[in-house]
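Dear colleague,

Please find below the structure that I am handing over to you, shown with its sequence. My notes on what was found in it follow directly after.

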Amino acid sequence: MSEGFKGLVVYNTLTRRKEEFIPLDPSRVRMYVCGPTVYDFAHIGNARPVIVFDVLFRLLRHLYGEDKVTYVRNITDVDDKINARALRDYGVEIGAGKLTLNEAIRAVTEKTADQFHKDVAAIGTLPPTVEPRATEFVLPREDGRTDMVTLIQNLIDRGHAYAAKGEILFDTASMHDYGELSHRKLDEQQAGARVAVEAHKKQPADFVLWKESAPEEPGWDAEFKIDGQPLTIRGRPGWHIECSAMSAAYLGEVFDIHGGGLDLIFPHHENEIAQSRCAHGTHTMARYWMHNGFLQVEGRKMSKSEGNFVTINELLETDRFGGRSWPGEVLRLAMLMTHYRQPIDFSVDKLTQAEKVLDRLYRVVGNVEAAETSETKDEVAARLKDDLNTWEALIALQGAADAAETKKDPALAAALKGAANLLGLLTKTHDEWEAGKRQSAGIDEAAIEAQIEQRLTFLKEKNFQEADRIRAELTSQGVQLMDYKDTETGERRTRWEVKR
């Protein structure tokens, strides 16, 4: 058995097959995932890769050790969409003595990045080991970490890039196997009508590494040398070069896993591979490429024109989806109920189903502390080791819940909770879960408690008709009552929880 193999098998988009995951260095497992472009709040489709690769991060830490895994997820804070949003939101203030364009851009990116961090924390994701911002890796750095301008110069020096019309472009014809990830041959791309043909490009598929900025646009003074002649272009980087620089800066020229959504395979990831391999002179960039499937909402593609575009924040804090807000853990479980490589149809029914599963699991584990190790955790890990089979892992959790509930054994409940943490689930106490559900449902706790006290008074007075009326009223609001006897006083008491 190869050193470093822990039984994990993943589907590698590069080879189109499942493969044993064997890290380059078991003491330093390295993963890079494309993060958000912070021009707008993240939508529920953006949540899927965040959740999928958080589970993979948790599993790798479980298999190799928490201090042996480096997970890099970037923030793209330089992009033409960001520039447009800054002009839209702050246009009247720019140049009027209040804000510069760069200050407006910073205001947009800071606000959006802050909201992204709040949203992903609410759905239970661990922070990545490193979260670099693109703007910090444009020009050469004092610490010597890889930067975009130096990478571009390497491409020029190796004959893979050229200057034309104020741009530095990657010469796709200079790479004999360009298209290996997407399986798109260069000659087929050249003949296709979907590739824009521009006169200054050598090949229609050539893409921008650096583009000139107009005086009113943000930019950096980048110095290049072409054929021994200095060339300064005040401009900004192309989209793809950002990830090539930031991944190399923290993970090296070749690393283990690169992840992202299926929509990024072409052109983004394809062009990342081209830049990185050609700049470094390596045969590969990442050894395993993993991609999650697409998401649609209630059977339709999510889009603003369809009226079904929902941000994570809206799902968590407003009643836009299903007439109520939803706990972050419900969103997380709803995503994990479908295998990460399959398309997912996101719906109110799926959220409702996920919430019912969580209700039951939290009821079983109660308020116990999670067990660090257990056979249950090993069983869940075994299911996840088969290409992150979260559905099978959830079945294993349900089986563990059956055993814990039947035997009423706190040790089994603790083991169940510890195993669920591999999926980022059951990280709260039962009481915290119930309080969160009440908040999401807009429940007035003080009013509920008052009605319960009134009902108990009616029961003492044997006014069963009024007591039943209050129970029915609360049931219609989604509040379930559970009567029990106080072990010390023998009096009737009532617990309650939210049911949907």
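By class, 6 nonpolar, 3 polar and 1 charged residues make up the lining of the largest cavity. Please bear in mind that this is a predicted model. The residues concerned are Arg 48, Val 52, Val 55, Met 335, Leu 336, Thr 338, His 339, Tyr 340, Leu 388 and Thr 390. Two or more lining residues come from each of helix 1 (44-64) and helix 9 (328-336). Helix 1 makes the greatest contribution, giving 3 residues to the lining. The space in the largest cavity amounts to about 50 Å³, and a search of the whole structure finds 1 cavity of 30 Å³ or more.

I turn next to a sheet. It is open, has 4 strands in the order 4-3-10-11, and its pairing is parallel. Strand 4 (69-73) and strand 11 (286-292) are the edge strands, each pairing on one side only. From one strand to the next, the twist averages 20°.

Strand 3 (residues 29-33) runs parallel to strand 4 and is joined to it by 5 bridges. Within this part of the sheet, Tyr 32 has Val 72 of strand 4 as its bridge partner. A helix also packs on the sheet: helix 7 (residues 265-280) touches strand 10 (255-261) and strand 11. The direction of helix 7 makes about 160° with that of strand 10.

Yours sincerely

Conventions
Residues numbered from 1 in each chain as written. Predicted model: local features only at pLDDT ≥ 70, side-chain atom pairs only at ≥ 80, totals over all residues. Heavy atoms only, no water. Pairing = 2+ DSSP bridges. Axes fitted to C-alpha atoms, helices over the stretch in contact; angles between N-to-C directions. Contact = heavy atoms within 4.5 Å. 1 Å grid on protein atoms, 1.4 Å probe; cavity = no way out; pocket = protein on both sides within 12 Å on 5 of 7 lines; lining within 4 Å. Points joined across faces, edges and corners; volume = space filled by probe spheres on them. Nonpolar A, V, L, I, M, F, W, Y, C, P; charged D, E, K, R; others polar.
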